[in-house]
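Please find below a colleague's note on the structure under discussion. The points are numbered so that each may be answered separately.

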Amino acid sequence: MSASPDSAFVPSWLAKPADANDLSPLVWPASATRDDDGILAIAGVSTTALQREYGTPLYVLDEDEVRMHARRTRAAFEDAAAAYGVFARVYYAGKAFLSTEVVRWVTEEGLAVDVCTGGELAVAQAAGADPARIGFHGNNKSVTELTQAVHAGLGSIVIDSRDELERLISIVSGTGATQSVLVRVVSGVHAETHSFLATAHEDQKFGFPLSDAPAVVARIREVAELNFIGLHCHIGSQIFGTTGFAESAARLVATHGELLAGGDVPVMNLGGGFGIAYTTADDPTPIEDLARGIVDAVAEQCTSRGIPMPNLAFEPGRSVVGQAGVTLYEVGTIKPVQLDGGNTRTYVSVDGGMSDNARTALYEANYSARIASRTSDADSTVVRVVGKHCESGDIVVDSEYLPGDIAPGDVLAVPATGAYCFSLASNYNYVTRPAVVAVRDGRSRVIVRGETIDDLLARDVGVVAPNGRNA
Ligand SMILES: Cc1ncc(COP(=O)(O)O)c(C=O)c1O
């Protein structure tokens, strides 16, 4: 394969690496190495051995990397809060990646769990998570889901609308039980990776405007079975820096202060959204700096208003699991495509795609990639990694420098796929969803089995010839 002229179609953020085999610690799990044959290993497990045993595509999750991020996050927020004599509880946002095994890892590391549907709640329950340490948010929780939550004895439910509040009141009324609730508010701060936008109003579906909070809380306080514990806010995801969080916290503290006139408000939940590196161009803020910056901002606001500092809660998902995940694919077709202007873009097709990683198509997310099954001295060239779906937007990695001799049969690894890949996976084009394999100390084990064609056909009531075979 001839090298592409890397020019006009190379994104400005993408720098040509000195070595297109390298494994930057910014995006790969700390355990990622190359063995003596140049084969990528995660947690001491060879990726070619993983391919032989489990096939591709395959989600590989480094258990120690998840546990390390869980521990580090908890310590960062607890320490930052302890400096002001308050407590911080860190919930793991299950939406990033939820399976019973992952729930056990994060809860063993001292995190609580946050879910946003009855299905996510069922997984947390199936893992044996302590219901008192589960929080339930979401913008349209049904009567069934709210009933499931109340009966399970969940630690907290985040109220997102008037309708939902009335639904919950009708469920708890007369039960004699007490359900703790928070009220989700929109602070008007919307943060993106590198910047934030602060407006008076936000045009989106979640929560209440801050100005509605006093009336909503007054209604909650009328109900004996409800215990209002605080405000909840989540300003966005993949955020770098503390500015947006600090602005949001300032607005929340003002309303929090008003609510103290009607009773105790022990908690403030500031959500998740802490960014990770998907490529070496990303420069996330260390979690300790984020934690200190956010907690300091809350403390400063409380001091200037002369109100006591509340306990704090946070809900990170991506920053706990993102860097722990690596997706393995096998390279199939490689196609040089002539572009207007004389450039040639090399399309490298893999055996998965937007069904196992929807983020590129959904958010124009950037990823990086490396050949896992070998190293190569060939000059690197910019390629686009695409999937096998019948969709031109089926892109896994928009642009990456890979060795110019990449060939069919190579195993390709895409790092930083631990968050929002497995959880957003689909069966588009009736492609089976990959297994999830956990790796640790040189050993691998399946924690979510891969789907089979029988799984795909199982819900179709018209099947006359099982497994696509003629009866
Ligand atoms: C309410 C809420 N909390 C927590 C999270 C987790 O965000 P992240 O995975 O970016 O940390 C989200 C994600 O969108 C969310 O909506």
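The points below take up the ligand shell, three helices and their surroundings, and one strand residue.

1. Status of the model. The coordinates come from a predicted model, and the remarks that follow should be read accordingly.

2. Ligand shell. The ligand is surrounded by 16 residues, of which Ala 93, Ser 237, Gly 272, Gly 317 and Arg 318 are the closest. By class, the shell comprises eight polar, five nonpolar and three charged residues.

3. Helix 3. Five residues of helix 3 (residues 100–108) are buried, namely Val 102, Val 103, Trp 105, Val 106 and Thr 107. Their cover includes three helices, helix 2 (63–82), helix 4 (118–126) and helix 10 (318–321), together with strand 5 (88–93) and strand 6 (112–115). After helix 3 comes Gly 110, which has a positive phi, near 95 degrees.

4. Helix 7. Which residues of helix 7 (residues 213–221) are buried? They are Ala 213, Val 217 and Ile 220. These residues lie on the same side of helix 7, because the arc that they cover around the axis is only 55 degrees. The general background is that an α-helix has 3.6 residues a turn, so residues three or four places apart point the same way. The buried residues of helix 7 pack against helix 6 (162–172) and helix 8 (243–259), and also against strand 9 (179–186), strand 12 (208–209) and strand 13 (226–232).

5. Helix 8 and helix 9. The axis of helix 8 comes within 9 Å of that of helix 9 (residues 287–305), and the two cross at roughly 35 degrees. The crossing is right-handed. On the helix 8 side, the contact is formed by Phe 245, Ala 246, Ala 249, Ala 250, Val 253 and Gly 257. Their counterparts in helix 9 are Gly 293, Ile 294, Ala 297, Val 298, Gln 301, Cys 302 and Arg 305. Classified by type, the residues of this contact are nine nonpolar, three polar and one charged.

6. Tyr 347. This residue belongs to strand 17 (residues 344–350). Is Tyr 347 buried or exposed? With 14 other C-beta atoms within 10 Å, Tyr 347 is partly exposed, because that category lies between the limit of 12 or fewer for exposed and that of 20 or more for buried. Leaving aside residues up to four places away in sequence, Tyr 347 touches Lys 335, Val 337, Arg 384 and Val 386. The C-alpha atom of Tyr 347 is separated by 9.7 Å from that of Ile 395, which is 48 residues apart from Tyr 347 along the chain.

Terms used. Residues numbered from 1 in each chain as written. Predicted model: local features only at pLDDT ≥ 70, side-chain atom pairs only at ≥ 80, totals over all residues. Near = placed C-beta within 6 Å. Nonpolar A, V, L, I, M, F, W, Y, C, P; charged D, E, K, R; others polar. Helix = DSSP H or I, 4+ residues; strand = E, 2+ residues; numbered from the N terminus. Contact = placed C-beta atoms within 7 Å. Arc of directions from axis to C-beta. Axes fitted to C-alpha atoms, helices over the stretch in contact; angles between N-to-C directions. Left-handed = near helix turned anticlockwise from the far one by under 90°.
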